[in-house]
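Q: Please take a close look at the helix packing in this model, and at the loops and single residues that go with it. A connected description is preferred to a list.

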Amino acid sequence: MKGNPPIVKPELFPEVTVVQTRRAGMNGIVPYLYVIPCILLLGIFVYIPLVVNFYYSTLNFSAFSPAKTFVGLQNYRELIADPVIRTALINNVWYCVISVIFQVGLSLCIAAVLEDKLFRRVSTVLRTMYFLPVLISMTVVALLFSFVYHPKIGLINAGLKMIGLGNLAHAWTGATDTAIFSAIAMSQWHSMGYTMMLFIVAIQGISEDLYEAAEIDGAGRLRRFIHVTLPQVREMAFVTMVTTVTGAFLVFNDVYILTGGGPGNASTTLAVYMYKNGFALDKMGYASTIAVLMLIICMILALIQNNAFRSGKGD
């Protein structure tokens with residue numbers, strides 16, 4: 001039997017102790033060396049611009065003017081009294097609610113159906129069909145839908161006339177009551193395939209044993225969906241919910257290319273109105289104030305969703 005190894009006293013070998021101390025110090029520094037590039041990038045491109053934007057929101061200046069006038073909270077008082085801001089907020093709320101229903105709720109249902117045993121043979125083809133719009137640029141999609149919504153040669157009005165519902169033909173993007181909903185419908189067609197694929201990946205990660213156990217217990221497809229699928233995709237639902245909600249309050253391309261925020265300001269959103277103030281009206285200080293409002297709204301909604309979903313916490 002081998003004896004215990006001899007005990008080395010540090011005072012007898014000071015050079016060994018120094019080397020070990022240096023190695024321990026280096027091992028403690030190494031993790032921070034990996035983190036520093038990320039912190040620098042976030043600081044330069046995220047946090048410093050946020051702080052500067054807060055400062056700009058207290059100024060009154062134009063893009064090419066060297067002079068900046070400090071106005072304090074005047075831009076925020078103007079923001080509260082601006083009727084266009086209320087219209088933009090309502091449009092963003094509509095965008096958010098409808099996007100959650102379709103891009104989260106309906107996409108999850110479609111993903112569950114495509115992963116069902118009945119559709120396994122055709123699921124690959126259907127997944128490809130649903131995902132194809134995501135690969136198209138939003139600029140191209142908006143130009144395409146401008147022809148779909150055209151009051152004279154548009155596919156929607158032409159289809160309504162073919163089936164005898166010509167009285168429902170409408171100037172979809174030119175009327176104040178339908179312009180924003182036309183942009184929202186286009187956005188759902190373009191984006192649903194992406195969230196559907198995220199849910200498909202999450203569903204494919206669920207153990208088949210759970211479904212088999214539920215089926216043995218007599219649970220039908222609907223009950224298996226409610227009691228097995230939904231709890232298992234909760235984290236993915238949280239991710240898609242956050243990205244969808246924040247995206248709905250930051251949306252710009254969809255509305256700007258399709259309607260330009262018109263007619264008037266009927267379909268304008270916060271991002272479109274911020275762009276108009278900053279680059280069309282040359283009110284950079286007020287545009288920065290709108291950006292601060294968008295940041296606050298997105299942060300509040302993200303915190304609410306995080307608490308509602310209890311993301312990352314066990315049941």
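A: What follows starts with the whole chain and then goes through the helix contacts and the residues around them.

The model is a predicted one. The protein has 13 helices and 2 strands. Of its 315 residues, 36% count as buried. Among contacts with a separation of 6 or more, 67% are between residues 24 or more positions apart. The exposed surface comes to about 19,300 Å², and carbon and sulfur atoms supply 70% of that area.

Helix 7, residues 179–204, packs with helix 10, residues 234–250. Their axes are 10 Å apart and the angle is about 165 degrees. An angle over 145 degrees counts as roughly antiparallel, and helix 7 and helix 10 are therefore roughly antiparallel to each other. Their crossing is right-handed. On the helix 7 side the contact is made by Thr195, Leu198, Phe199 and Ala202. The partners in helix 10 are Met236, Ala237, Thr240 and Thr244. By class, the residues of this contact are 5 nonpolar and 3 polar, with no charged residue.

Phe199 leads on to Leu108, since the contacts of Leu108 include Phe199. Leu108 is found in helix 3, which covers residues 83–114. With a relative accessible area of 8%, Leu108 is buried, as the cut-off for buried is under 20%. Apart from neighbours within four places in sequence, Leu108 is in contact with Phe199, Ile203, Phe225, Leu230 and Val233. One of these, Leu230, is 122 residues from Leu108 in sequence, yet the C-alpha atoms of Leu108 and Leu230 are 9.0 Å apart in space.

Another helix pair is formed by helix 8 (residues 208–216) and helix 9 (residues 221–232). The axes of helix 8 and helix 9 are 10 Å apart, at an angle of about 160 degrees. That angle makes helix 8 roughly antiparallel to helix 9. Helix 8 passes helix 9 in a right-handed crossing. Helix 8 contributes Leu210, Tyr211, Ala214 and Glu215 to the contact, and helix 9 contributes Arg224, Val228, Thr229 and Gln232. The residues involved are 4 nonpolar, 2 polar and 2 charged.

Helix 2 and helix 13 meet at another angle. Helix 2 spans residues 74–81 and helix 13 spans residues 284–309; their axes come within 9 Å and cross at roughly 70 degrees. Helix 2 is thus roughly perpendicular to helix 13. The crossing of helix 2 and helix 13 is right-handed. From helix 2, the residues in contact are Asn75, Tyr76, Glu78 and Leu79. From helix 13, they are Gly285, Tyr286, Thr289, Ile290, Val292 and Leu293. These contact residues divide into 6 nonpolar, 3 polar and 1 charged.

Helix 13 also takes part in the packing of helix 12. Helix 12 runs over residues 270–280, and its buried residues are Leu270, Ala271, Val272, Tyr273, Asn277 and Gly278. Those buried residues pack against helix 3, helix 10, helix 11 (253–258) and helix 13. Helix 3 is also the place of Leu108, and helix 10 is the partner of helix 7 described above.

The loops on either side of helix 12 each hold a backbone feature to check. Pro263 is found in the loop between helix 11 and helix 12. The peptide bond from Gly262 to Pro263 is cis, with omega near 0 degrees. Asp282 is in the loop between helix 12 and helix 13. Asp282 is a residue other than glycine, and its phi is positive, near 60 degrees. At a relative accessible area of 31%, Asp282 is partly exposed.

Arg310 lies in the segment after helix 13. Arg310 is partly exposed, with a relative accessible area of 34%. Between Arg310 and Glu235 there are 9.0 Å in space, C-alpha to C-alpha, and 75 residues in sequence.

Definitions and conventions
Residues numbered from 1 in each chain as written. Predicted model: local features only at pLDDT ≥ 70, side-chain atom pairs only at ≥ 80, totals over all residues. Heavy atoms only, no water. Helix = DSSP H or I, 4+ residues; strand = E, 2+ residues; numbered from the N terminus. Buried < 20%, exposed > 50% of the residue type's maximum accessible area, 1.4 Å probe, protein only. Contact = heavy atoms within 4.5 Å. Areas by Shrake-Rupley, 256 points an atom, 1.4 Å probe, with all protein chains shown as cover. Axes fitted to C-alpha atoms, helices over the stretch in contact; angles between N-to-C directions. Parallel < 35°, antiparallel > 145°, perpendicular 65-115°, else oblique. Left-handed = near helix turned anticlockwise from the far one by under 90°. Nonpolar A, V, L, I, M, F, W, Y, C, P; charged D, E, K, R; others polar.
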